[in-house]
Amino acid sequence: MITGSLALAAAGGLVGAAFYVNYVEQPARLALDDEALAKEWEPSDHRGFVVLAGLALLSALFGFATYRELDDIRWLFGALVVIASWPYTYVAIVPLNNRILALIESGAVHEARAVIKLWGLLELGLIGIGLVGVLIYAWAAG
């Protein structure tokens with residue numbers, strides 16, 4: 001059952017990291033002037049992507065392992081919900097990331113700021129996905 005605890009912990013980490021991005025990093029980023037915002041965006045976005053994707057992958061792998069170990073379908077559902085953050089990110093967030101980077105490269109940082117605000121709203125979806133995964137895992141751990 002250690003794998004179940006690890007699945008739950010990684011899902012909790014995903015929620016915590018997504019919460020941090022949305023309620024700490026995003027407001028600080030938007031408080032920067034346009035030039036500083038442009039310099040901060042790319043490295044921050046890439047690091048955040050790696051952390052969030054990694055936590056989702058770890059949680060799903062541990063959830064799948066726990067499902068195989070216990071044959072409890074709730075662990076499978078939790079793992080599927082958490083890994084759903086990948087297609088959500090690919091479909092909803094990555095196109096905005098690419099648009100933001102293109103705007104910054106073209107010098108249209110003021111326009112990029114508006115897209116970054118929209119990006120932040122879509123990032124809230126990762127909190128929701130992670131919370132649902134945490135709740136399912138907690139239910140399974142019962």
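**Reading helix α2 and its salt bridges**

Colleague: Let me start with a single side chain: is R29 buried or exposed in this model?

Modeller: R29 has a relative accessible area of 2%, and because the cut-off for a buried residue is under 20%, R29 counts as buried. Bear in mind throughout that this is a predicted model.

Colleague: How should I read a charged residue of this kind, and which residue forms a salt bridge with E40?

Modeller: The general idea is that side chains of opposite charge can pair when their charged atoms come close. In this structure E40 forms a salt bridge with R29, and their closest N and O atoms are 2.9 Å apart. E40 belongs to helix α2 and R29 to helix α1 (residues 2–30), so the pair ties together parts that are 11 residues apart in sequence. E40 itself, at 21% relative accessibility, counts as partly exposed. R29 and E40 are also linked with E25 in a network of salt bridges.

Colleague: How many salt bridges does the structure hold, and which residue meets D34 in one of them?

Modeller: There are four salt bridges in the structure, and in one of them the side chain of D34 meets that of R113, at 2.9 Å from N to O. Because D34 lies in helix α2 and R113 in helix α5 (residues 109–141), this pair ties together parts that are 79 residues apart in sequence. D34 is partly exposed at 27% relative accessibility, whereas R113, at 12%, counts as buried. A further salt bridge joins the side chains of R74 and D72, with 2.7 Å from N to O; R74 is partly exposed, at 21% relative accessible area, and D72 is buried, at 17%.

Colleague: Turning to helix α2 itself, what span should its 37 residues have, and how far apart are its end C-alpha atoms?

Modeller: The reasoning starts from a rise of 1.5 Å a residue, by which the 37 residues of α2 (residues 34–70) should span 54 Å; the end C-alpha atoms are 52 Å apart, which agrees.

Colleague: Where in α2 does a kink lie?

Modeller: A kink of about 35° lies at W41, shortly before the proline P43.

Colleague: And at the two ends of the helix, which residue caps the N-terminal end of α2, and which residue follows α2?

Modeller: At the N-terminal end the cap is D33, which has a side-chain oxygen 3.0 Å from the backbone nitrogen of E35. At the other end α2 is followed by D71, whose phi is positive, near 55°.

Key
Residues numbered from 1 in each chain as written. Predicted model: local features only at pLDDT ≥ 70, side-chain atom pairs only at ≥ 80, totals over all residues. Heavy atoms only, no water. Helix = DSSP H or I, 4+ residues; strand = E, 2+ residues; numbered from the N terminus. Expected span 1.5 Å × (residues − 1). Bend = angle between axes of the 7 residues up to and from the residue. Polar contact = N/O pair within 3.5 Å; in protein donor to acceptor, adjacent residues only side chain to side chain. Buried < 20%, exposed > 50% of the residue type's maximum accessible area, 1.4 Å probe, protein only.
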